[in-house]
Amino acid sequence: MLIEKNIAYNDSATSPKRVFSAASSIEQLLVRIDDKLSRIEQLGWDHKGSEDTIDDLIGYLILLKVTIKQGSAQYNKYWTCEACGKDTSMVDYDYLAAHNMHLECALKKEMKIPEKKRTGSNRAQVSVTLPRDDYILDN
């Protein structure tokens, strides 16, 4: 059933056309999974048509697994910070500026703060000059 459906939709789940969205195949599958989970949450698993929703959810989860295995390099690139090169896939969204940029890295880049080498401690040694309080009050 999953193979037939994927063929009928011209493999749009793993190879989307990207007419309006530039998101990766994985990200688009995650959105579809979220939609199906939301539908189950709102209507319950025992409403009319829930079997189709559950079948779709199972299908999307299988396609996600296949896509991750086929495109692990693409997946790794998608979830790698452009600034520091570290993995962002397990970072809470509150600490990401984008899927491929830690919030800290984005702020450093925006403020043009150079990354200084660490010396023995776990703390980065960065100095930032802030405007004087009286400057703000005078203007």
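What follows is a chat between a visitor and a guide about a predicted model.

Visitor: What makes Tyr78 and Trp79 an aromatic pair?
Guide: Their ring centres are 5.2 Å apart, and the cut-off is 6.5 Å, so they pair. The structure holds 1 aromatic pair, and this is it.

Visitor: Why is the pair called edge-to-face?
Guide: The planes make an angle of 85°. Anything over 60 degrees counts as edge-to-face, so the label fits.

Visitor: How do you know whether Tyr78 is buried or exposed?
Guide: Look at the relative accessibility: Tyr78 has 14%, and buried means under 20%, so Tyr78 is buried. Trp79 comes in at 5%, so that residue is buried as well.

Visitor: What makes up the largest nonpolar core?
Guide: There are 7 residues in that core: Ile26, Leu29, Ile33, Leu57, Tyr60, Leu63 and Leu64. The elements giving two or more residues are helix 2 (25-43) and helix 3 (50-70), and helix 3 gives the most, with 4.

Visitor: Why is that set called a nonpolar core?
Guide: Because its members are buried residues of the nonpolar kinds, joined through side-chain atoms within 4.5 Å. As a general point, nonpolar side chains tend to be buried together in soluble globular proteins.

Visitor: Why is the contact between Lys36 and Asp56 called a salt bridge?
Guide: The closest N and O atoms are 3.2 Å apart. The limit is 4 Å, so the pair qualifies. Lys36 lies in helix 2 and Asp56 in helix 3, so the bridge ties together parts that are 20 residues apart in sequence. Both Lys36 and Asp56 are buried, too.

Visitor: How many salt bridges does the count come to?
Guide: It comes to 2. Glu104 and Lys108 form a salt bridge as well, with the closest N and O atoms 3.1 Å apart, so they also pass the 4 Å limit. Those two residues sit 4 apart in helix 5, so about one helical turn separates them.

Visitor: Which residues of helix 5 are buried?
Guide: In helix 5, which runs over residues 103-111, they are Cys105, Ala106 and Lys108. Lys108 counts as buried because its relative accessibility is 14%, and Cys105 does because its value is 13%.

Visitor: How do you know that the buried residues are on the same side of helix 5?
Guide: Because they cover an arc of only 165° around the axis. They pack against strand 1 (96-98) and strand 2 (101-102). Just past the end of helix 5, Lys112 takes a positive phi of about 55°.

Visitor: How do you know that Cys81 is in no disulfide?
Guide: The nearest cysteine sulfur belongs to Cys84 and is 3.7 Å away. A disulfide needs sulfur atoms within 2.5 Å, so Cys81 doesn't make one. The sulfur of Cys105 is 3.7 Å from its closest cysteine sulfur, in Cys81, so that is too far for a bond. A search of the whole structure finds 0 disulfides. Cys81 has a relative accessible area of 2%, so Cys81 is buried.

Visitor: What is His102 in contact with, leaving aside its neighbours within four places in sequence?
Guide: The contacts of His102 include Cys81 and Cys84, along with Lys86, Asp87, Thr88, Val91, Tyr95, Leu96 and Ala97. His102 itself lies in strand 2.

Visitor: Why is His102 called buried?
Guide: Its relative accessibility is 14%, and the line is drawn at 20%, so His102 falls on the buried side.

Methods. Residues numbered from 1 in each chain as written. Predicted model: local features only at pLDDT ≥ 70, side-chain atom pairs only at ≥ 80, totals over all residues. Heavy atoms only, no water. Phe/Tyr/Trp six-rings, centres within 6.5 Å; stacked < 30°, edge-to-face > 60°. Buried < 20%, exposed > 50% of the residue type's maximum accessible area, 1.4 Å probe, protein only. Arc of directions from axis to C-beta. Contact = heavy atoms within 4.5 Å. Salt bridge = Lys/Arg side-chain N within 4 Å of Asp/Glu carboxyl O.
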